[in-house]
Amino acid sequence: MKINTHEDFNNAILNYNIPTEILLDVKNRIGDWTSSGGSLDDPYIKQQWKYIENYINNCINK
């Protein structure tokens, strides 16, 4: 699983059973970032996607 876009992120959260606490944390971080003027193209957002990607690849798809 690779997350490169916000669409990939949305598909990942729909298709994988990510624990609620992880999902809420990442979604809140993304929401806070964008509401303070940040862009979905910023490295910080890509870091959040990578966290979900790593969770899927290391904890779900073992």
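Which residues does I30 touch, not counting residues up to four places away in sequence? I opened the notebook with this question and looked up the contacts of I30. I found that I30 touches F9, L40, I45, Q48 and W49, with residues up to four places away in sequence not counted. I note at the outset that the model is predicted.

**Entry on the overall fold**

I next looked up the secondary structure. The protein chain holds 3 helices and 0 strands. Followed along the sequence, its pattern reads α-α-α. I then checked the radius of gyration, which is 11 Å for the protein chain; the globule rule gives 11 Å for 62 residues, so the chain is as compact as a globular protein of that length. For the extent of the C-alpha trace along its principal axes, I recorded about 35 × 20 × 15 Å.

I also looked up the contacts between residues at least 6 apart in sequence. Of these, 55% join residues at least 24 apart.

**Entry on surface and charge**

I recorded that the protein chain exposes about 4,100 Å², of which carbon and sulfur atoms supply 47%. Buried residues account for 27% of the 62 residues. I looked up the charged side chains as well and found 6 positive and 8 negative ones, the centres of the two sets lying 7 Å apart.

**Entry on the nonpolar core**

In soluble globular proteins, nonpolar side chains tend to be buried together. I therefore looked up the largest nonpolar core, which has 14 residues. The members that touch the most other members are I3, F9, I18, I30, W49 and I52. Two or more residues of this core come from each of α1 (6–15), α2 (20–35) and α3 (43–60). The helix that gives the most is α3, with 5 residues. I30, with which I began, is thus listed among the core members that touch the most others, and its contacts include F9 and W49.

**Entry on Q48**

Q48 appeared among the contacts of I30, and I looked it up separately. Is Q48 buried or exposed? I found a relative accessibility of 6%, and because buried means under 20%, Q48 counts as buried. Q48 has its place in helix α3. Leaving aside neighbours within four places in sequence, I found Q48 in contact with V26, R29 and I30.

**Entry on L23**

I turned to L23, which lies in helix α2. L23 is buried, its relative accessible area being 17%. With residues up to four places away in sequence not counted, L23 touches I13 and I18. I also looked up the separation of L23 and I13: they are 10 residues apart along the chain, and their C-alpha atoms are separated by 7.8 Å.

**Entry on P43**

I looked up P43 in helix α3. At 66% relative accessibility, P43 counts as exposed. The C-alpha atoms of P43 and I13 are separated by 20 Å, and the two residues are 30 apart along the chain.

**Entry on K2**

Where does K2 lie? I found K2 in the segment before α1. K2 has a relative accessible area of 49% and is partly exposed. Not counting residues up to four places away in sequence, K2 touches D8, K50 and E53. I last looked up the pair K2 and N57, which are 55 residues apart in sequence and 8.7 Å apart in space, C-alpha to C-alpha.

Technical notes
Residues numbered from 1 in each chain as written. Predicted model: local features only at pLDDT ≥ 70, side-chain atom pairs only at ≥ 80, totals over all residues. Heavy atoms only, no water. Helix = DSSP H or I, 4+ residues; strand = E, 2+ residues; numbered from the N terminus. Rg over C-alpha atoms; globule rule 2.2 N^0.38 Å. Buried < 20%, exposed > 50% of the residue type's maximum accessible area, 1.4 Å probe, protein only. Contact = heavy atoms within 4.5 Å. Areas by Shrake-Rupley, 256 points an atom, 1.4 Å probe, with all protein chains shown as cover. Lys, Arg positive; Asp, Glu negative; His and termini not counted. Charge placed at Lys NZ, Arg CZ, Asp CG, Glu CD. Core = buried A, V, L, I, M, F, W, Y, C linked by side-chain atoms within 4.5 Å.
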